[in-house]
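Okay, can everyone see the screen? Let me put the structure up and walk you through it, starting with some strand pairing.

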Amino acid sequence: MDILVVHLFNALLYASVLFLIAGGLSLIYGVMRIVNLAHGNLFAFGAFLTASAVGQWFAGSNSALLYLLLPIGAFGAAAIGAVLEPTLLRPFYRRPEEYQLLVTFGLMMILEDLIRFIWGPYPISATVLFSKMGSAKIGDFVYPRYNLLVIAVGGLAALFLWAFIYRTKFGVVLRATSQDMRRAAALGVNVNLVYVQAFTIGCFMAGLAGAIIVPSQSAVLGMGVDALVLSFIVVVTGGLGSLEGALVGALIVGTVREIGISMFPEIELAVLYLIAAIVLIFRPAGLFGKTA
Amino acid sequence: MSSRPTRRDFLSQLGVTAAAGAAVGGSAVGLIGAGIAQAQEKPKGTIPSTPFKIGHMTFFTGAGAVLGEPMYKGNLLAAEEINAQGGLLGKRKIEILKADEAAGTDANTKEMRRLKLSEKIDMFMGITSSGNTPALGPVAEELKLLTIFVDGCTDFLFDKAVPNPRYVFRITNIQSADGSTCALAVAATWPQIKTYAHIHPDYSYGRNCFDHFSIVTKKMLPNAKSVSESWPKLFATDFTPHITKTLAAKPDLLVTSLWGGDYVAFYKQALQQGLFGKMKVATTLALGSVPQSIGKDHPEGVLTGVHSNYHFTYPAGNRWPLNKTFVEKYHAKFNEYPNFQAEGAYTATYVLKTAIEKANKLVGGWPDDDAIIGQIEGMMFPGPGGYVYFRPDNHQGYKDAITGFSKNVAEYPFPILDPHRIITIPIRNITAPPGWPKGEPTSTYTWIDQTWPVVKA
């Protein structure tokens, strides 16, 4: 029994982080129809920024301050997003999709090198936040309390986003812009402003995912590309552009991975792709996607 | 074999030695040396003064940079030392051209061709991944490009991909030595083990460690059995489910070949899930990647492998001055401690220098590649980590295997190998000998399977 609880927490832990990353990716696509290939590296940037703030610049400060510093990676990634959208992406909205892919792919490479340039080639840890919280007893097992915090943050983020998009005026404007950009503009919506806000929120989510996993995992080069691939599996399963899809997709991927690791260790790598493939065969636009 | 030997007897036959080392840290006897550099003799004949170009390909980006960066630094340090004395044969300065291994295997083979054909490199060095040496080896042979691979240590390279090498050499220990060393250290230290679990990265290195740990353990701990296997993706960061699975299997021992950032993330998560308190842990590369990336929160007494190659604290003190001066110089230049890749690349550069000097003495002038190759074949060379021997038949470098146990000491802000419990194994006792038929999955595997006895407990 206790092991089932631990498995459940593991699945939720993975799903929370995936939701934050894939949710941001999906939000940006939903509003702007841009597949942001640099999204994974914004996640990595968030991780590196928090890791260096907590593990290097302010290492040894009192722990309340360090916990307050945790979200710095999210704000850093959001700041990059707020600059990138108007300067680099906006000129490409009217061009065919391949231009956007090329631009965001280039951006991915630049961010990867920028991270290496700033932080060097070795892993950076911020474990103090992870170990400080200790572990909780679950039957025969001990489980890191920090992981429970990550799960809570993932859940809260989902709730907050839902309320934001379906219960606020900004949400109405956002959805209107996403459904028909021209008509929204004709009705007086400042589309440029909506775009930069949506993009910034998406980047914030990626950065938050990076910031929140770094205490338990450490920041390493290449983590961005991995995250990008995983979040593609999530959005392909759930449906690109749909937040519900990202949430359900993340939960499916988290659960399937957990089952795969304990029961079919030899095909751990293949299991996630298999799920995405099966979903695509039966629902080509993903579980929550709308067929064009 | 008339009767089965006991485990203790057979470990003695293999020369598995747990040795107490000298005190850690600097000793009073300061040797002012120029690293490996020997007194320079005047070269024979006229030597051109054109630069000697080395194409150095390793991981400069991505998660592999954790190993690639020290490799390049080892090469760089040796090149600068040699250049400070005028260069190779006192004339030819070494010029290093960097290439990023992270470009992918296909792109790497093209880059090797480009380096040879367009940049006219005299030699190729580097490579971290076991996925790349089997692809690049045949290309180097085809290009007739003198090559010393620093790592990418898969047995497959000289077993299958380049079974009769002419231009290609490799300096770090062959991969199978890693799993075997780990298994022998376990058998010598914890013979009471009855059950064990595996966590290995799912690529050639992890599979190789699994194979060789398993075959050696079958011989040395015949009553022990594997109760759990996990194969996380290489460069994964979340090991929570693998740890849960391992804990649920309740093994006496966990064997893992995770390395670099993977191992850092793994041990931090395992600590919080109480894994280290519930079982022994044996690793192949925990302290090997970057010594300073492991924190002092890492438990002591873990079998912490160094790729069975090198840890900068051994040989300790001033017992092997080559190591002392190398570590001091490396630390002074880069403000970090060298790992096995740095030692490998540094030594490889001096192997090259020595071979060129010997060849020059024989033929005069700048020796051609055949003369240099003839000198590397069969060379026994003292590097910071000890003697390395290049077997003429397969061009593989062999040096005695080493592993040990994590220990925190006051001198370093990270754990090192416990200087009182170093385990060394003569390399010839754990690798297939010359002439042994090529086997599957490796020649060493079939050699162990067919020639080692199953010991009595």
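So, look at B:Phe390: across from it, in strand E13 of chain B, stands B:Gly397. The strands here are E12, residues 386-390 of chain B, and E13(B), and they pair in the antiparallel sense over two bridges. Before I go on, please keep in mind that this is a predicted model.

Now zoom out a little. E12(B) and E13(B) belong to an open sheet of three strands in chain B, with the order E11-E12-E13 and antiparallel pairing. Which strands sit at the edges? Those are E11, residues 380-383, and E13, residues 397-398, of chain B, each of which pairs on one side only. There's a helix on this sheet too: H12(B) packs there and touches E11 and E12 of chain B. The direction of H12(B) makes about 135 degrees with that of E11(B).

Next, the other sheet I wanted to show. This one is also open, with five strands of chain B in the order E3-E2-E4-E5-E6, and here the pairing is parallel. At the edges you'll find E3, 94-100, and E6, 168-170, of chain B, each pairing on one side only. How are neighbouring strands turned against each other? On average by 20 degrees, if you ignore direction.

Let's pick out one pair in there. Strand E2 of chain B, residues 52-58, runs parallel to strand E4 of chain B, residues 123-126, and four bridges join them. If you want a spot to click on, B:His56 stands opposite B:Met125 in E4(B). And then there's helix H4 of chain B, residues 133-143, which lies across E4, E5 (147-149) and E6 of chain B. H4(B) runs at about 145 degrees to E6(B).

Okay, domains. Chain B is split into domain 1, which is 52-175 plus 317-398, and domain 2, which is 176-316 plus 401-451. The centres of these two domains of chain B, taken over C-alpha atoms, are 26 Å apart. How many residues go into the contact? Domain 1 of chain B gives 30 residues and domain 2 of chain B gives 31. On the domain 1 side of chain B, the elements that give two or more residues are helices H2 (65-84), H5 (156-161), H11 (321-334) and H12 (340-363) of chain B. H2(B) has the largest share of that side, with three residues. As for chemistry, that side of domain 1 of chain B divides into 12 nonpolar, 10 polar and eight charged residues.

H2 of chain B comes up again when we turn to the other chain. Between the chains, 34 residues of chain B are in contact with 38 residues of chain A. On the side of chain B that touches chain A, at least two residues each come from H2, strand E8 (225-230), helix H8 (240-249) and helix H9 (260-272) of chain B. Which one gives the largest share? That's H8(B), with seven residues. The chain B side of this contact breaks down into 12 nonpolar, 14 polar and eight charged residues.

Over to chain A for a helix pair. H11(A), residues 223-238, packs against H13(A), residues 268-282, at an angle of about 25 degrees, with the axes 9 Å apart. With angles under 35 degrees counting as roughly parallel, H11(A) is therefore roughly parallel to H13(A). Left-handed or right-handed? The crossing of H11(A) and H13(A) is left-handed. From H11(A) you get A:Ile233, A:Val236 and A:Thr237, and they meet a set in H13(A) that includes A:Leu272, A:Tyr273 and A:Val279. The residues of this contact between H11(A) and H13(A) are eight nonpolar, one polar and no charged.

Last bit: some backbone geometry. There's a cis peptide bond between B:Tyr314 and B:Pro315, with omega about -10 degrees. B:Pro315 is in the loop between strand E10 (280-283) and H11 of chain B. Another cis bond goes from B:Glu440 to B:Pro441, where omega is near 0 degrees. You'll find B:Pro441 in the loop between strand E17 (422-425) and helix H14 (443-451) of chain B. And in chain A, A:Arg33 isn't a glycine, yet has a positive phi of about 60 degrees. A:Arg33 sits in the loop between helix H1 (2-32) and helix H2 (39-57) of chain A.

Note on methods: Residues numbered from 1 in each chain as written. Chains lettered and ligands numbered in written order. Predicted model: local features only at pLDDT ≥ 70, side-chain atom pairs only at ≥ 80, totals over all residues. Domains from an automatic or database assignment. Contact = placed C-beta atoms within 7 Å. Nonpolar A, V, L, I, M, F, W, Y, C, P; charged D, E, K, R; others polar. Axes fitted to C-alpha atoms, helices over the stretch in contact; angles between N-to-C directions. Parallel < 35°, antiparallel > 145°, perpendicular 65-115°, else oblique. Left-handed = near helix turned anticlockwise from the far one by under 90°. Pairing = 2+ DSSP bridges.
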